[in-house]
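Ready for some practice at reading a protein fold? Grab a pencil, take a look at the model, and try each exercise before you peek at its solution.

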Amino acid sequence: RAQRGAVDFETTETQIVCDENGRIEKIVPRTRTDAHRLIEEAMLAANVCAADFIHAAKHPSLFRVHEGPTPEKRTTLQNFLRTLGLGFTVSEEPKPAEMQAIALATRERPDAATIHQMLLRSMQQALYTPSNSGHFGLAYDAYTHFTSPIRRYPDLLIHRVIKALLGRHRYHLSLEGLPPPPVGRGGKVASSGGTESAVWEAAGAHCSANERRADEASRDVEAWLKCKFMRERLGEEFPGTISAVTSFGLFVQLDELYVEGLVHITELGGEYYRYDEARQELRGERTGVRYAVGGRIRVQVSRVDLDGRKIDFRLVREASLASQAPRPAGRERSPASAQAELADVQASDRAARRSAKQAAQAGSKRPGKGGRAVAKGSAQAVDKDRVATPVAVSVNAPDVVMPAEPLRKPRRGRR
């Protein structure tokens with residue numbers, strides 16, 4: 001795997017441990033041993049052998065295709081590495097070895113997990129398709145799912161194709177039970193390879209969609225269990241790491257519990273924050289305080305919505321990695337003074353909100369006034385609907401299934 005230049009990021013998978021009564025006892029990281037790695041390599045060998053056999057026979061089938069970063073994701077990754085002071089460059093057409101070299105060079109850093117997560121997000125999701133274009137993450141020219149710890153329907157299709165080839169005939173896939181193939185202009189099947197290719201295209205799209213649905217169902221159950229686990233810890237404080245930054249706040253993963261929640265931007269105090277997508281950070285315009293991916297903060301569990309699968313945190317105090325932005329000459333200040341100024345701003349903002357609330361209540365009691373008092377606090381007005389956040393998916397598993405970029409606005413929930 002190292003000779004091929006395949007990526008092998010160090011990520012953390014968790015498992016939920018329950019007691020005899022079915023109550024969640026703890027959430028712990030999974031341990032990946034040499035036995036796991038040995039089984040993975042045997043599985044990879046079987047899958048590659050099956051893909052090569054089918055590819056050589058030129059028989060239509062489903063390949064497991066994984067493509068590299070898009071130009072937009074490559075630029076985002078390059079800017080992120082630059083903000084960390086890392087001298088790595090990502091070529092116009094990145095190779096798996098480039099990603100692996102960055103991962104190896106940064107694995108001893110305290111923010112290694114954050115860097116590896118950003119590398120992971122820069123890649124696309126793997127999918128099933130009859131058009132073989134290789135597997136970027138595993139650095140294979142052809143790859144398919146012939147065997148795996150989790151049996152999937154595409155495995156069965158591969159078995160049928162191989163069985164047909166061994167019997168010296170072709171396997172004809174039926175469209176029965178599958179959605180119709182894509183149709184182009186004029187009502188023609190949108191495929192260059194004719195009807196047979198279109199059938200396999202439809203099968204690939206169907207299997208990929210159901211895989212996504214199964215993954216979402218698994219994550220939904222896990223999110224519900226974690227919410228139930230955290231409901232008993234309302235009001236408790238925990239240290240955590242900023243795992244994602246969005247225009248509406250920070251997603252924070254707690255160190256000890258491996259649970260993720262949201263610190264909404266309105267909880268960051270009386271400050272207008274600008275979201276820098278390239279740097280993956282929120283920056284305060286007045287104080288220059290920055291909250292970036294990998295930053296360390298302390299939070300309090302403020303709200304748990306079991307039905308909505310939501311966990312909300314409240315910022316307790318900034319830790320050392322909620323950094324201070326560089327300032328022009330003549331305006332330099334120490335981190336301590338910036339924190340003091342932020343505390344003053346927060347206090348004045350709270351006072352302004354109280355005054356506005358009192359004014360609104362007083363106005364509502366006056367006869368004939370009819371209007372509503374509007375609190376004009378300095379907190380940033382934001383849309384509280386959460387967009388999709390990157391899914392932390394392990395790439396230690398033999399098939400690198402990359403998290404997709406947000407394509408829609410799902411529920412305001414966990415990842």
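**Exercise 1.** Find which residues have the most contacts inside the largest nonpolar core, and work out which elements build that core.

*Solution.* Step 1: keep in mind that this is a predicted model. Its largest nonpolar core holds 29 residues. Inside that core, Met230, Leu250, Val263, Leu268, Tyr291, Ile297 and Phe313 have the most contacts.

Step 2: look at who contributes. Strand 2 (24-29), helix 6 (194-231), strand 5, strand 6 (249-254), strand 11 (296-305) and strand 12 (310-318) each give two or more residues to the core. Strand 11 supplies the largest share, with 4 residues.

Step 3: zoom in on one member. Leaving out residues up to four places away in sequence, Met230 touches Phe238, Leu254, Leu257, Val259, Val301, Val304 and Ile311.

Step 4: put that in context. In soluble globular proteins, nonpolar side chains tend to be buried together.

**Exercise 2.** Decide how far helix 4 (residues 112-121) is enclosed, and name what its buried residues pack against.

*Solution.* Step 1: count as buried any residue under 20% relative accessible area. By that test, 9 of the 10 residues of helix 4 are buried, so the helix is largely enclosed by the rest of the structure.

Step 2: list the buried ones. They are Ala112, Thr114, Ile115, His116, Gln117, Met118, Leu119, Leu120 and Arg121.

Step 3: find the neighbours. The buried residues of helix 4 pack against helix 2 (71-83), helix 3 (96-106) and strand 5 (237-246).

**Exercise 3.** Work out the strand order in the open sheet of 3 strands, and explain why strands 8 and 10 each have a side without a neighbour in the sheet.

*Solution.* Step 1: read off the order, which is 8-9-10, with antiparallel pairing. Strands of a sheet pair through backbone hydrogen bonds, either parallel or antiparallel.

Step 2: check the ends. Strand 8 (273-276) and strand 10 (290-292) sit at the edges with a single partner strand each, so one side of each has no neighbour in the sheet. From one strand to the next, the twist averages 15°.

Step 3: trace one pairing. Strand 9 (residues 281-284) and strand 10 run antiparallel and are joined by 3 bridges. Arginine 283 has arginine 290 in strand 10 as its bridge partner.

**Exercise 4.** Now zoom out: how many helices and strands does the protein chain have, and what percentage of its residues count as buried?

*Solution.* Step 1: the chain has 7 helices and 12 strands. Step 2: of its 415 residues, 43% count as buried.

Technical notes
Residues are numbered from 1 along each chain as its sequence is written. This is a predicted model: local features need pLDDT of at least 70, side-chain atom pairs count only at pLDDT 80 or more; totals for chains, interfaces and linings use all residues. Side-chain values use heavy atoms; hydrogens and water are left out. Two strands pair if DSSP finds at least two bridges between them. Axes are lines fitted to C-alpha atoms, for helices over the stretch in contact, and angles run from 0 to 180 degrees between N-to-C directions. Buried means under 20% relative accessible area, exposed over 50%, partly exposed in between (1.4 Å probe, protein chains only). Contact means heavy atoms within 4.5 Å. A nonpolar core is a set of buried Ala, Val, Leu, Ile, Met, Phe, Trp, Tyr and Cys residues joined through side-chain atoms within 4.5 Å.
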